[in-house]
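Biologist: Before I rely on this model at the bench, I would like to hear how its descriptive labels are justified. Could you take me through some of them, setting each value against its cut-off?

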Amino acid sequence: MAGVQEGAAGAESDSSPLVVFLIRPRAQLTRAAWLVGALALASLVTALRLQLGFGSSGVPLVFYLPAILAVTLVAGWEYGAAALVASVLFVFYMFVPPYFSFEGITRLQFVTVSLWSIVSVLLIATAHFLRVSLQTALRNERRYRTLISVISDIVWVTDGDGKAQQPNPGWGRVTGMPWPAYSGYKWLQAVHEEDREALRPNMKTGNHFADFRIRELASGDWRWYRARAVAMRDPRGDVEEWITAIRDVHESKLARERDELMIGEARHRLKNLVTVIDALAKNSRRRDAEANAELDAYQKRFLGRLHALGAAADLVLAGQHQYVEIGAVLRATLAPFLEENANRLRMAGPDTTLSEATGGSLALAMHELATNAIKYGALSDADGYVDITWSSETIGDGERVLIEWKEHGGPVPAPPAREGFGSRVIKTVPARERNGEVKIEYQPDGLYCRIGFLQTPKVASA
C-alpha cells in the first residue's frame, strides 16, 4: 500500500514545484511585469537573430510564440491576449523594413500576421485550459489532503498488486514500522496471519470490505481494524490503484461480541423462564383432582399465549434490534399449529418490519385467531384453510401496513353475544401505531379479520 501524507500542512509537498510556480496567484503589477519581461526577451532574441544574419524575409514572429505561451500560463489569458497584440505591433514596426515607418503592410504580410494570430489565439486557449486544469488539480489535491487530515482513518493508495510504494505516516505510527520496512508486501508482517487472506480485494467488483487485526506498537497487542478499498481503473478497465481507508473498530467490535454473548444469555434465560412457567402451570393441579374442562381450557389458552409472546420476544433478541419482520413473527407464533396444518395455513407478503411492541401484540392476536379457527372455524373442518396476507405501502411520511386473516371452508361463523378477551387482544395490535383500525367480519364463507395502521419508516442503523 502506497502511503498518503497526512495533514493539510505541506499539501503541495508532492506537487511539482514548476506547476506550483506557474499557477500561483499573482498581483496585477507582477503580471504586468511578466508581460513586459517576456516581450522584451522575445524582442531581444529576435533583434540578435537579425543582427547575426539568421533572419529571413517576411515577418519574424517565431520567438514571440514562447513569450505569449509563458505569459498566458503565468498571468492568465487576458495578459496572453495583450502579449499577442503587442507582439504584432512590435514585430511589424520594429523588425519589418522600413523600421518604425508606421506604413501600411503588404498583402503577404497581412496574410502572414493573420495566420500567425490565429495560431497564437489557439495557443492562448490551450495554455489557458492547461492553467485552469492545473489549478483544479492542485485544489483537489489540497482538498483531499485536508480531508485526510480531519479523519481518524489511515488512508492508503496502493498499486494494482497491493504493493506499498511510498511511506505512510499513519501506518508507521500505529505499527511502529519505519519506511521502507513495510514497502512492497512487507506491510503484511504487521497483520495477523489469520486475517491476511481477508485483505485480498475483489478485482471484479472493485470494492472490498474486511475486518482484520494489526499488532499495535504501544501495547504490543492485536487490535481490530476495518478496511474499505475502492479500485481506481485505467482507461482499459484494469485496476491501476487501490484506495483503502482503515478505521479502528476494536472497541466497537469487542462491544458487539459482548452484546452477542449477553443476548445469547438473555434468549437462554427467556426460554428457561417460559419452560418453568409452563411446568408450574401444568403441575400446579393436584394429581387426584377431578377433571375440569373449564380449567383445562384456561390453562391451554394461557400457555398458548405465553409461548406466542415468548416466540415474538425471542425473534427480537435473535435479531439484535428493536424491530421484527411480520413473516418471522407469524411463522414463530403459528409453529405449533403448522405441525398438523402446514398446507392449511397459507402465508404471503413482502418483507415488512414492525416495532417490538407491535410485533408482540401481533403474535398474541395471531395465536388467538389460530386457536379459534381450530375450535370453531375453518381449521375445525377437514377441508377448511386460512389465508394470511400482509402488505405495506409508503404514504406521505409513513408506511401503511395491512394484515388480513381470511378463513375458507369451515362452519358458518356466528358473531358472539359479547366481546371476548380474544377480540380485545386483536384490537390492541395497532394501539401503538397511527391511524390504527381492526375490522372483524363473520362472513358466510369464514371469519375475516383486517388489521391496518400507519407506522414511521424504520431508519437503518449505521
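**Reasons behind the labels**

Modeller: Let me begin with Ile68, which, once its neighbours within four places in sequence are left aside, is in contact with Gly80, Ala83, Leu84, Ser87, Trp116, Ser120 and Ile124. Please keep in mind throughout that this is a predicted model. Ile68 itself belongs to helix H3, which covers residues 64-75.

Biologist: Why is Ile68 called buried?

Modeller: A residue counts as buried under 20% relative accessible area, and Ile68 has a value of 0%, so the label applies. I can add that Tyr79, which is 11 residues from Ile68 in sequence, is 8.5 Å from Ile68 in space, taken from C-alpha to C-alpha.

Biologist: How do H3 and H4 lie against each other, and what makes you choose the word for their orientation?

Modeller: The axes of H3 and helix H4, the latter being residues 77-95, come within 8 Å and cross at roughly 155°. Angles over 145 degrees count as roughly antiparallel, and H3 is therefore roughly antiparallel to H4. Their crossing is right-handed. On the H3 side the contact is made by Tyr64, Ile68, Val71, Thr72 and Ala75, while H4 contributes Trp77, Tyr79, Gly80, Ala83, Leu84, Ser87, Phe90, Val91 and Phe95. By class, the residues of this contact are 11 nonpolar, 3 polar and no charged.

Biologist: What makes H2 and H4 parallel or antiparallel?

Modeller: For helix H2, residues 28-51, and H4, the axes come within 11 Å and cross at roughly 30°. Since angles under 35 degrees count as roughly parallel, H2 and H4 are given that description. The crossing of H2 and H4 is right-handed. Residues of H2 in the contact include Arg31, Leu35, Leu39 and Leu50, and those of H4 include Tyr79, Ala83, Ser87 and Phe90. The contact of H2 with H4 divides into 11 nonpolar, 4 polar and 1 charged.

Biologist: Why are H9 and H11 called oblique?

Modeller: Helix H9 (residues 326-333) and helix H11 (residues 356-375) have axes that come within 9 Å and cross at roughly 40°. Roughly parallel would require an angle under 35 degrees, and roughly perpendicular one of 65 to 115, so H9 and H11 are oblique to each other. The crossing of H9 and H11 is right-handed, and the contact is made by Ile326, Val329, Leu330 and Thr333 of H9 together with Gly359, Leu362, Ala363, Met366 and His367 of H11. These residues comprise 6 nonpolar, 3 polar and no charged.

Biologist: How do you know whether Leu379 and His192 are buried or exposed?

Modeller: The cut-off for buried is under 20%; Leu379, at a relative accessible area of 7%, is therefore buried, and so is His192, at 13%. Leu379 is placed in the loop between H11 and strand S9 (385-395), and its contacts, not counting residues up to four places away in sequence, include Arg344, Leu345, Ala370 and Tyr385. His192 lies in the loop between helix H6 (169-175) and strand S3 (207-215) and, with its neighbours within four places left aside, is in contact with Arg213 and Trp222.

Biologist: And why is Asn435 called exposed?

Modeller: Exposed means over 50% relative accessible area, and Asn435 has 58%, so the term fits. Asn435 lies in strand S11, residues 434-443, and its phi is near 50°, a positive value in a residue other than glycine.

Biologist: Which peptide bond is cis, and what is its omega?

Modeller: The bond from Trp179 to Pro180 is cis, with omega near 10°, and Pro180 lies in the loop between H6 and S3.

Biologist: What are the pLDDT values of the chain, and where does pLDDT stay under 50?

Modeller: The chain averages a pLDDT of 78, and 76% of the residues score at least 70. Over residues 1-13, however, pLDDT stays under 50. Where pLDDT is low, the predicted coordinates should not be read in detail.

Key:
Residues numbered from 1 in each chain as written. Predicted model: local features only at pLDDT ≥ 70, side-chain atom pairs only at ≥ 80, totals over all residues. Heavy atoms only, no water. Helix = DSSP H or I, 4+ residues; strand = E, 2+ residues; numbered from the N terminus. Buried < 20%, exposed > 50% of the residue type's maximum accessible area, 1.4 Å probe, protein only. Contact = heavy atoms within 4.5 Å. Axes fitted to C-alpha atoms, helices over the stretch in contact; angles between N-to-C directions. Left-handed = near helix turned anticlockwise from the far one by under 90°. Nonpolar A, V, L, I, M, F, W, Y, C, P; charged D, E, K, R; others polar. pLDDT = per-residue confidence, 0-100.
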